[in-house]
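Colleague: Before the discussion begins, may I ask that each label be justified by its value and its criterion?

Modeller: Certainly; the model is shown here.

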Amino acid sequence: MKAVQPSTRDGVMSKKPTYEELAQKVKVLEKTENDLKESAALYRSLFENAPVGIGIADEDGNIIEFNAAILKPGEYTPEDIARIKNLKKLYADQKVRSGIIARLNRFGNVDKAEVQFKRKDGRPYDCLLSIRRISYKGKPCVQAIVQDVSQLKEIEKMLWQSRQQFLSLVETTSDWIWEVDRSGVYIFSNQKVKDILGYDRHEVLGKTPFDFMPPKEAQKVARIFRKLAKSRKAFSGLENTNLHRDGHEVVLETSGVPVFDEHGEYLGYRGIDRDITKRKQAENALGQINTELEKRVEERTAALSETNKQLREEIHERKQFETALRMREKELNNKTVQLQELNSALEILLKKRDEDRIELEEKMVSNLRELVFPYLAKLNNGKLQDKEKAYLSIIESNLKDIISPFARSLVGKYLGFTPTEIQVANLIRQGKTTKDIAALSHLSPRTIEFHRDNIRTKLEIKNKKINLRTYLLSLQ
């Protein structure tokens, strides 16, 4: 038998460990093993309970390990992952997967890459993917940490839409919206300032509101703003005058609220300016109108006072006049009674006169018929020449006319007729021709025509197609 030689190390004879040393080494190894078990248990606990998804795959993408958190965003079960087997099938876009692998091969890791994985129903969801190369159970593998950011993406989308709506509102409003820092310097402005003051928004940034005011106005408003900024209170309706780019004055009505950060630190003010120039001009014009109206009212009041004074005097005079009128009315009433009595007496007298006239006419007619016409008849039956008979006929006709209404109508209605015209009209009514009338009147036919023309003129029938004899007969 060959004897055991003592071992050497680096040419030095090693000493065989004692029992105590071996026992100590065993204790160290046991402690290390326990630490490793505790570390493995802690890792497993962290792995299983991590709030983000953790998975391990081999270099070909085959899934080896995964925790529950990685299943939740895609609504998978462990059985689903067992059927899927490879990470490739989870990518919504294979081009993105190729890019991730390229980055992993180039840099050795991928940190928070934005990718989309497919849910169980095929819908995509957003996540952040981080990949590290590791050694797992003695084999080269990759560890993936998947953080679901779908809700975060949705919130970002809503914030973007809200911001777009806010910007749309800011840019379409009719007011100038602004923000100043704690020093009163503009750090935001919408484009409405261009319409109000003639400056682009970028020309306003970096300046203060007082840079656009007349010097005295700037001093006054600066004092007010300093007090407001010190109080950190909201304000509204602060009127101030600004200068437009072209030099004309613009009156603004300013309102603002203080702005604070998440720690309550004062940052400045945010607010709006409204152009009230036209309103102020209207108010000034209205003020002038009111002043003018007040002046006119005073003048009118004075005039009315004078008029009232005159009216009172006139009323007094009118009362005196009414008193005199009443006295005069009383006198007139007395006279009216007297006149009525006189009228009654006159009516009686006129009635008596009419009765006497009628009685006289009746007597005259009776006398002519009883005392004249019989003798005219006897003469007409006697031996008379033709001319004498014609005269006798005319006399008889004229006497009859005297007692007929014709003569009275002719003379009464047309007082302008001469005696010759009355005689000619009477002969025309009897049917005598112009020649007959001329012979009986010892006048020329031309003269008779002249009288006929005058008669038509005075009867207002000249140049009218009316027979003169017919018209004269109608006057009976």
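Modeller: In this predicted model, helix H3 gives five residues to the lining of the largest pocket, the largest share.

Colleague: Which elements each supply at least two residues of that lining?

Modeller: They are helix H3 (94-107), S6 and S7. The largest pocket holds about 270 Å³ of space. Its lining comprises 17 residues, and the closest to the centre are Glu59, Gly61, Ile101, Leu104 and Val142.

Colleague: What makes the lining of the largest pocket nonpolar, polar or charged, residue by residue?

Modeller: Eight of its residues are nonpolar, three are polar and six are charged. Under the classes used, Glu counts as charged and Gly as polar, whereas Ile, Leu and Val count as nonpolar.

Colleague: How is the lining of the largest cavity divided among the classes?

Modeller: It has 16 nonpolar residues, one polar and one charged. The volume of the largest cavity is about 230 Å³. Of its 18 lining residues, Ile63, Ile70, Leu87, Leu90 and Val146 lie nearest the centre. Two or more lining residues come from each of strand S3 (53-58), strand S4 (63-66), S6 and S7.

Colleague: Why is a space of this kind called a cavity and not a pocket?

Modeller: The term cavity applies because a 1.4 Å probe fits there but cannot get out, whereas a pocket is an open set of points. How many cavities of 30 Å³ or more does the search find? It finds two in the whole structure, and the second largest has a volume of about 170 Å³. That second largest cavity is lined by 17 residues, with Trp178, Tyr186, Pro209, Met213 and Thr254 nearest its centre. S10 supplies four of the lining residues, the largest share.

Colleague: Turning to the loops, why is lysine 137 called exposed?

Modeller: Its relative accessibility is 69%, and exposed means over 50%; lysine 137 therefore counts as exposed. Lysine 137 is in the loop between strand S6 (124-136) and strand S7 (139-148). Although not a glycine, lysine 137 has a positive phi of about 55 degrees.

Colleague: Why is arginine 232 called partly exposed?

Modeller: Arginine 232 has 37% relative accessibility. Buried requires under 20% and exposed over 50%, with partly exposed in between, so arginine 232 counts as partly exposed. Arginine 232 lies in the loop between helix H7 (215-231) and strand S10 (235-243). Its phi is near 60 degrees, a positive value in a residue other than glycine.

Conventions:
Residues are numbered from 1 along each chain as its sequence is written. This is a predicted model: local features need pLDDT of at least 70, side-chain atom pairs count only at pLDDT 80 or more; totals for chains, interfaces and linings use all residues. Side-chain values use heavy atoms; hydrogens and water are left out. Buried means under 20% relative accessible area, exposed over 50%, partly exposed in between (1.4 Å probe, protein chains only). On a 1 Å grid over the protein atoms alone, a cavity is a set of points where a 1.4 Å probe fits but cannot get out, and a pocket is an open set with protein on both sides within 12 Å along at least five of seven lines; lining residues have an atom within 4 Å of a point. Grid points are joined across faces, edges and corners, and a volume is the space filled by probe spheres set on the points.
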